[in-house]
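Q: Could you take me on a close look at one part of this model, the place where chain B meets chain A, along with the ligand sites around it? I would like one connected walk through it.

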Amino acid sequence: MMKPGTYFMEGNTACAEGAIAAGCTFFAGYPITPASEILERMAKRFPEFHGSYLQMEDELASITAILGASWAGRKAMTATSGPGFSLMMENYGLGLMTETPCVIVNVMRGGPSTGLPTKVAQGDVNQTRWGTHGDVGVVVYVPSSPQEMFDLTIKAFNTSEKYRLPVVVLSDEMVSHMTEKVDIPKKEDIEIVERKKPEEPPERSLPFCPDEDLVPPMANAGEGYSVHVTGLTHDEKGHPSIDEETQNKLVTRLIDKIRKNADDILEYEEYMVQDADIIVVAYGSVYRAAREAVEIARDKGIKAGLLRPITIWPFPEDRIYDLAKNGTDNFLVAEINFGQIVFEVERCTGGAANTYLAPRMGGNIHTPEEIVDRMEAIEEGKIPDFKE
Amino acid sequence: MSIRKSRDWFSPDYMEQRSKKESAYGLHPLDCYLRKDRIPHIWCPGCGLGVILNSYLRALKNSDISPKETAVVSGIGCTGRTAGYLDVDSFHVTHGRAIPFATGLKIGNRELVTTVFSGDGDLFAIGGNHFIHAARRNVDFNVICVNNFNYGMTGGQAAPTTPKKAQTSTTPWGGFEQPFNLPGVAAGSGAVYVARWTAYHVEKMIESMEEALNKKGFCFIEVLSPCPTGYGRKVGLKTGMETMKYYKENSKIKDGADPTKVALDPDDPECEIIVGKFVDKEAPTYQDERGEIFDQARNELGVK
Ligand SMILES: Cc1ncc(C[n+]2csc(CCOP(=O)(O)OP(=O)(O)O)c2C)c(N)n1
Ligand code: SF4
Ligand SMILES: [Mg+2]
């Protein structure tokens, strides 16, 4: 990894360096704006670590290759943006079903389709949660700064190894292309998590039998465990099965693995929420404007606060419910889309507070002033809630 | 800890057998490669897949490659079910994606003797792009394509290999698309080893598989295979046996034939079949070439 110290670094570069610090030695990708700098950095840096950079023929291949590499025992990553992320949905599902640790970086740009390649948006938030078919439990980190591109990429690797699943780092064009101060800590100060290995000898091992944390230990290919890995519904031996009971047991566990460990995985940041009448919910690049908006609003006498999900999935649902129950009247979700997380916030308030939206279609982030204007209008009862 | 207890499903008897695997199985010399508890397989009577799998296992055995160092990757389809029967590290991935998975696996751990075992639809329709690129890169693994001229698993629909005149469930009035000549595609994309056999040519097939297993680089073997259920019965080859007879009577071995000139006649489902080893050449693999460039890079960077 890089020498410890303070650097002036672009978000995408910090992401690549985070991956290297986490022990990533395999990267497969297909160039796309605004994620290409991650590929380029990996390609440049990897010879030093005997890592493998593969430029694949498309994103279907990129994600599938990292799943293969993960089973070969490597820490593996890919990076893309919306159009490529759409192609990845198929094998994101394979990774979730086969419990394959790896990291997928999606740098959001304007959509739908080819959309607005060089500019920011946050339209893929729900795709990370619901984009692949079937029921899944997912973990998605949303960085708001180059420093977090570094830190959360490491965390994404750790979580992927600990809970055995592909973890998404959901950046956006603004954060990825922003250059800022990044502190690279000493190697010994970085926590690195490795996948659990089976304790039993191969002949006793049930490769998909979970421990108490609902995560099965993982034997890599070549370690003598002759593991069978399939995207079909499978039992604890890893063998395909078409009975309802096996389906029920497996899918429930895959979802519970995240749900029941949410306390360990969930991360969010709060700012001045204690006495807040109105809480702005914002993530990624918008968080930066929202924080300033809250400060301006406070100066104007509005009791404003801020809640920033750092893991957007799992979502801080209990916390929002608590805040709504304990005095916050209004939630304002500022996001660069036509309303995605706003539905989650509305659901979590349980009707105990009003939920409003400050939407944007992409191309730029909100200005702090525009968020403040929205807060003022809400306080004065001038705008209907987001559905009207 | 309570969950772990469910591992006790193993009877002591079974445990003993597993621990003395080679001798305890003992029923068949290839048993050590099979997941005994997964047999019987799902394949139809008369299907060519059993013969082809048997040939592959014999090639492994003849080459002294143990289950431990073997990895098999399959896509989706009847052929794709192969991985699930093998007591090796085996991966049954999504439809068409066996090759990129194997690419990651092999480059992730070059010690694994890696084989992709999949169907014609899987490898050349949905997975076609991956095939040509893996061949171009000359990644070091083998691809065994079982070509049964149709999508067997989903009920006998037309595939990119189906002869024009053949009737399938999605070409009820007859086909009209030009099929692929698979050896031509493989050779044109850069495969260092290209052969075609039929399920009838057991000895030749084993020999080719052994050669591929022992060769570095991207090796491709097409095996034409009876699919009485999905394809044969619609083209007058009602049983596996009839198809085998057709293979026997109509195949011509032409080792070294130009792979671009071995296309099957698309207008005649009972045409002559040219089989043989068409390409066997030396070329640096993906890892050889990358190794050289990376060594230079490390020199320049002053690291080991
Ligand atoms: C993305 C996707 N599309 C379609 C299918 C349905 N499907 C399953 S197997 C198959 C065709 C398999 O044909 P082939 O690869 O020739 O294998 P065979 O069964 O003939 O051995 C199809 C279309 C699927 N599983 N996934
Ligand atoms: S459908 Fe065809 S390929 Fe599939 S098992 Fe039956 S005979 Fe074999
Ligand atoms: Mg087929």
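**Where chain B meets chain A**

A: Happy to. Let's begin with Pro40(B), which sits in the loop between H2 and H3 of chain B. This is a predicted model, and in it the peptide bond leading from Ile39(B) into Pro40(B) is cis, with omega near 10°. That loop is a good doorway to the contact between the chains. Asp37(B) lies in the loop between helix H2 (21–25) and helix H3 (49–62) of chain B, and its partner across the chains is Lys237(A), in the loop between E10 and helix H8 (244–259) of chain A. The side chains of Asp37(B) and Lys237(A) form a salt bridge, 3.3 Å from N to O. In general, side chains of opposite charge can pair when their charged atoms come close.

How many salt bridges link chain B and chain A? The count is 3, while the structure holds 40 over all chains. Another pair between these two chains is Arg97(B) with Glu90(A), where the closest N and O atoms are 2.6 Å apart. Polar contacts add to the picture: 23 residue pairs, both members at pLDDT 80 or more, are in polar contact between chain B and chain A.

Now step back to the whole contact. Chain B brings 48 residues to it and chain A brings 53 residues. Together the two chains bury about 4400 Å² between them, and carbon and sulfur atoms give 55% of that area.

Which elements of chain B make up its side of the contact? Those giving two or more residues are helix H1 (12–19), strand E2 (89–92), helix H4 (98–108), helix H6 (128–137) and helix H10 (286–301). H4(B) gives the largest share, 7 residues. Sorted by class, the side of chain B that touches chain A has 19 nonpolar, 13 polar and 16 charged residues.

Strand E2 of chain B deserves a second look. E2(B) is joined by 3 bridges to strand E10 (residues 228–230) of chain A, and the two strands run parallel. Within this pairing, Phe91(B) of E2(B) stands opposite Val229(A).

Next come the ligands. Why is the site of ligand 1 called shared? Residues from chains A and B surround ligand 1, so the site is shared between chains. There are 17 residues around ligand 1, and the closest are Cys78(B), Thr79(B), Asp120(B), Asp122(B) and Gly152(B). Looking at individual atoms, a polar side-chain atom of Asp120(B) is 2.7 Å from an oxygen atom of ligand 1. Backbone atoms take part too: a polar backbone atom of Gly121(B) lies 2.9 Å from an oxygen atom of ligand 1, and a polar backbone atom of Met153(B) is also placed 2.9 Å from an oxygen atom of this ligand.

Ligand 2 has its own shell, made of Trp43(B), Cys44(B), Cys47(B), Cys78(B), Asn148(B), Gly152(B), Cys227(B), Pro228(B) and Thr229(B). By class, that shell has 6 nonpolar and 3 polar residues, and no charged ones. Cys78(B) and Gly152(B) are worth finding in your viewer: both are listed around ligand 2, and both are among the closest residues to ligand 1.

To finish, here are two backbone details in chain A. The peptide bond from Trp313(A) to Pro314(A) is cis, with omega near -5°; Pro314(A) is in the loop between strand E14 (311–313) and helix H11 (317–325). Ser113(A), although not a glycine, has a positive phi of about 55°, and its place is the loop between strand E5 (102–110) and strand E6 (116–120) of chain A.

Key:
Residues numbered from 1 in each chain as written. Chains lettered and ligands numbered in written order. Predicted model: local features only at pLDDT ≥ 70, side-chain atom pairs only at ≥ 80, totals over all residues. Heavy atoms only, no water. Contact = heavy atoms within 4.5 Å. Buried area = accessible area lost by both parts, 1.4 Å probe. Salt bridge = Lys/Arg side-chain N within 4 Å of Asp/Glu carboxyl O. Polar contact = N/O pair within 3.5 Å; in protein donor to acceptor, adjacent residues only side chain to side chain. Helix = DSSP H or I, 4+ residues; strand = E, 2+ residues; numbered from the N terminus. Nonpolar A, V, L, I, M, F, W, Y, C, P; charged D, E, K, R; others polar. Pairing = 2+ DSSP bridges. Near = heavy atom within 4 Å.
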